[in-house]
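Me: I'm new to reading protein models. Could you walk me through this one?

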Amino acid sequence: MTRAVTPPPTPGEPRTRAAVPLLHRPVTVHAWDDVVFAHWRCDPETVAHLVPRGTRPDIVDGSAWVGLVAYVFRETQVPPFPPSTRLGSMTEVTIEVLTVDDAGRRGIAYLTVDTPNVPAIVAAHALLGVPYVFAWARSRRRGETVGHRSIRHPGRARHPFRALRQVRTTRRTGGSSSARHAAAVRVVAGEVDRSPLAAELTTRAGIHARLLAQTLFWQRQHAPLTVRSARLEQLEGDLPAAVGLPTLFDRAPDSVLVVDGTTVRYAWGDVVR
């Protein structure tokens, strides 16, 4: 598998924003591979109602942005314990909005995170306010071609354990289980993209999340990224309809990028409101 040589980072706030020291000890550390970013320009008014209270769509290069971001989750660590690969590799497929709060913290708000990891779904809903959803998801890479796919099953959002049992029963009995929402993306990675726009779309300071009646900010840290341009080969599915953006896939993304791999650390940030 060919990997791009990491160039020295160019000066600029977006590329160093997520490399600043965490304000608190990390609560989780994750290894991500084959990260695909597909972003669309949009009118801020069309997505303002989708972001948590106390935040608003971040205006980057004159537009608000919605992204489909998918990656392979290789490893996790909950300090002070050592990294663990016992959960194995898993795919996560997300739809997110670039956000900013009144303190100027530029992050993202997840509209959905589709994954087959049931423990992550339970923990994220209970502790973080991140909208994880049960789905069968997988990834594939051949050379510079990277693909991700997710398929939701009935009952997966509120009852992931029940959904998992239903799918296993269906497989044993030979019955059918129709998917409610799905998404598939495949791209071919190209040359390193050092543009300010690529840095803004991929390097965000954290996550804005709803938890009960509050909006929380979770700080995110990683080393400066090697961002590569990419050519879109496939984009299909109706996953955006599940989060209130039914026409998102009707046009090609305005930006398609790839990051071959990074290590991401999350830590407590603040209560936004």
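Me: Happy to start with the pocket lining. How do the residues of the lining of the second largest pocket divide into nonpolar, polar and charged?
Reply: Keep in mind that this is a predicted model. Glycine counts among the polar residues here, and arginine among the charged ones. With that sorting, the lining of the second largest pocket divides into three nonpolar, five polar and six charged residues.

Me: How much space lies in that second largest pocket?
Reply: Here is a handy idea: rolling a probe the size of a water molecule over the atoms shows where empty space is left. For the second largest pocket, that space comes to about 270 Å³.

Me: Which residues lining the second largest pocket are the closest to its centre?
Reply: Strands E6 (132-142), E7 (145-152) and E8 (182-192) each give two or more residues to the lining. The lining has 14 residues, and the closest to the centre are Arg140, Gly147, His148, Arg186 and Gln234.

Me: Now the backbone. Is aspartate 61 buried or exposed?
Reply: Aspartate 61 sits in the loop between strand E2 (55-57) and strand E3 (64-77). Its phi is near 55 degrees, a positive value in a residue other than glycine. The relative accessible area of aspartate 61 is 52%, and exposed means over 50%, so this residue is exposed.

Me: What is the relative accessible area of leucine 212?
Reply: Most residues other than glycine have a negative phi. Leucine 212 has a positive phi of about 55 degrees although it is not a glycine, and its place is the loop between strand E9 (206-211) and strand E10 (214-221). Leucine 212 is exposed, and its relative accessible area is 87%.

Key:
Residues are numbered from 1 along each chain as its sequence is written. This is a predicted model: local features need pLDDT of at least 70, side-chain atom pairs count only at pLDDT 80 or more; totals for chains, interfaces and linings use all residues. Side-chain values use heavy atoms; hydrogens and water are left out. On a 1 Å grid over the protein atoms alone, a cavity is a set of points where a 1.4 Å probe fits but cannot get out, and a pocket is an open set with protein on both sides within 12 Å along at least five of seven lines; lining residues have an atom within 4 Å of a point. Grid points are joined across faces, edges and corners, and a volume is the space filled by probe spheres set on the points. Helices (H or I, at least four residues) and strands (E, at least two) are DSSP runs, numbered from the N terminus. Buried means under 20% relative accessible area, exposed over 50%, partly exposed in between (1.4 Å probe, protein chains only).
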